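Here is a short walk through one protein model, written for reading alongside the 3D view. Have the structure open and rotate it as you go.

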Amino acid sequence: MIRRFRFSLRSAFFLAAALAIVLLLWPARRLESENFVFYFPHQHKTISAETIGNALYLPLIPMLNMAGRVTGLQEKRNSLKVWFGGNPLELHKDQTKVQVNKATFFLFQPVRRLNGQWMVPAGFVSAILPRLTGQPILYQSGTARAFVGNVRPISYSARLEPQPSGVKLIVQFTGKVSIGTASTNGKWIIFLGNQPVAPLEQQIHFQNPYVTSLQFDDQDGRPKLVITPAMGNLNFYPQLASDGEELTIALVKPPEAAAKQTKKTAPAAPGAPAGQQAPGQTPGQAGQTAAPGAPAAAPAPPPLPAIVLDAGHGGADSGARSRDGILEKNLTAQLVQKVSAALEATKAYRVILTRNGDADPNFEQRTLTANTARPVAFVTFHAGEMGDRSPVVAVYTYQSPSPSPQPAASKPPFFIPWDWAQSTEVSRSQQLAQDLQQQLGKIQGATAPAPLEAPVRQLRSIAAPAVAVEMGTLSPSQNAGQITQPGFQQQVAAAVAAAIQQFSPGGLKK
């Protein structure tokens, strides 16, 4: 009996140790909780979401009941059928295929079943939910918010201006906001009222001695900006312009700290006691000129230059289609993700996308996203019929179908109408196109013809060097072939990134 008991204890010990090792070495499945916000015309609602792997997942039934009403449900071990507003929806565990009214659609990630609850990837919001609700839904992949119906969110851009003993943070909004302020954990919070906001960038980082970052947050459904200072004991002075579209925030050292800095950095006259003003220096000038390298005199470094990437088509507009069912909207979305990764890997740019997932922003929304970012380059991607040669990667610049209007002699050049914004960027757009064609021509087996001009609608209003890149052939008469292969798309992405570096190596090309 004693021997058997000792043996059992020893076995249990080794079993526990082995189990601990297995759990330690087993590949972890990242599972994190956060909120997902749905903005409706007169209210907002939040539901809990889970990050599984690298994909955001939402609970299906709570989401449907939030957007409408589930009228029926039939669940089996590996499948689920839901009736929502008279529309039958069918899903299968661990599959990307989804059926709505017997029409088949495919998600980028599979449906999951977690703790007895059916979970769908966030791409379901833009790909499937509009077909069930009959309402347009704006959702960008990688974010945790969606705008339902006729909700039109605003966006913003930010810049820094150096100030004596501090810095001025200027936030320019695309619509009117109201503000409220608070501070917590050494950070300042700017509440933006109830206006829905779709930020171009979730967080903007600054290389500045006074401010570290500007972050957008609406996890509780309340849009707000969170400012992280780079040092303590700063005074904070926010001021909203009368039109409600520009917010100026001064971050400055208190007068006592500024005076101490002045004593350390102001040059003294020969033979004068330390801290005494130099001859010819009027009162109040002390501290305006700091010693070389002092934080107060250093100009605020600008944020990384922006590159805007536009994946053509999306949503109900699928674009071209190949014989084997490849859709242009999906092909361009895949390519843009690879180009974005290649550019971000250079650490020389910040990348802004006009669409993510299966959304379909209109021309004006894409233009607003691009021009608000003030990019050094804009590239829109498409695919289509380009003859029997394949693969082909062609580059286009904008050609106006009619002469652009000439500004009146009494008006400076920047009073050109937005619809003709690209007319001032022709030469730089052509240079960008040449750099792209040069790099794309290095892809073995691909044809990269000389850049062409065409009346590409998306290029017309872009106030920056702008080009269109089109891959082919994508035709209903033949299979898509090599242009769908990840290896080929990666080569195109690398070529685009190299061309942009050649055109604008971390800044505006001179």
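The report below looks at salt bridges and then at one pair of packed helices. Please keep in mind that this is a predicted model.

**Salt bridges**

Searching the whole structure turns up 11 salt bridges. Three of them are set out here, with the distance between the closest N and O atoms.

| Basic residue | Acidic residue | N to O distance |
|---|---|---|
| R113 | E75 | 2.7 Å |
| K224 | D217 | 3.2 Å |
| R366 | D310 | 2.7 Å |

Let us begin with R113 and E75. R113 belongs to strand 9 (residues 112–114) and E75 to strand 4 (residues 70–75), so this salt bridge ties together parts that lie 38 residues apart in sequence. Both ends have some exposure: R113 is partly exposed, at a relative accessible area of 32%, and E75 is also partly exposed, at 39%.

The bridge between R366 and D310 also links distant parts of the chain, as R366 sits in helix 7 (residues 363–373) and D310 in strand 22 (residues 306–311), 56 residues apart. Are its two residues buried or exposed? R366 has a relative accessible area of 4% and is buried. D310 is buried as well, with 2% relative accessibility.

Salt bridges with shared partners also join D217, D220 and K224 into one network. Within it, K224 bridges to D217. K224 is buried, with a relative accessible area of 6%, whereas D217 is partly exposed at 23%. The cut-off helps here: buried means under 20% relative accessible area, so K224 falls within that class and D217 does not.

**Helix 8 against helix 9**

Now turn to the helix pair. A pair of packed helices is described by the angle between their axes and by the distance between those axes. Helix 8 (residues 426–440) packs with helix 9 (residues 486–503) at an angle of about 135 degrees, and their axes are 8 Å apart. Helix 8 and helix 9 are therefore oblique to each other. Their crossing is right-handed.

Which residues of the two helices meet? On the side of helix 8, they are R428, Q431, L432, D435, L436, Q438, Q439 and L440. Helix 9 contributes V492, A495, V496, A498, A499, Q502 and F503. Sorted by class, this contact of helix 8 with helix 9 has nine nonpolar, four polar and two charged residues.

Note on methods
Residues numbered from 1 in each chain as written. Predicted model: local features only at pLDDT ≥ 70, side-chain atom pairs only at ≥ 80, totals over all residues. Heavy atoms only, no water. Axes fitted to C-alpha atoms, helices over the stretch in contact; angles between N-to-C directions. Helix = DSSP H or I, 4+ residues; strand = E, 2+ residues; numbered from the N terminus. Parallel < 35°, antiparallel > 145°, perpendicular 65-115°, else oblique. Left-handed = near helix turned anticlockwise from the far one by under 90°. Contact = heavy atoms within 4.5 Å. Nonpolar A, V, L, I, M, F, W, Y, C, P; charged D, E, K, R; others polar. Salt bridge = Lys/Arg side-chain N within 4 Å of Asp/Glu carboxyl O. Buried < 20%, exposed > 50% of the residue type's maximum accessible area, 1.4 Å probe, protein only.
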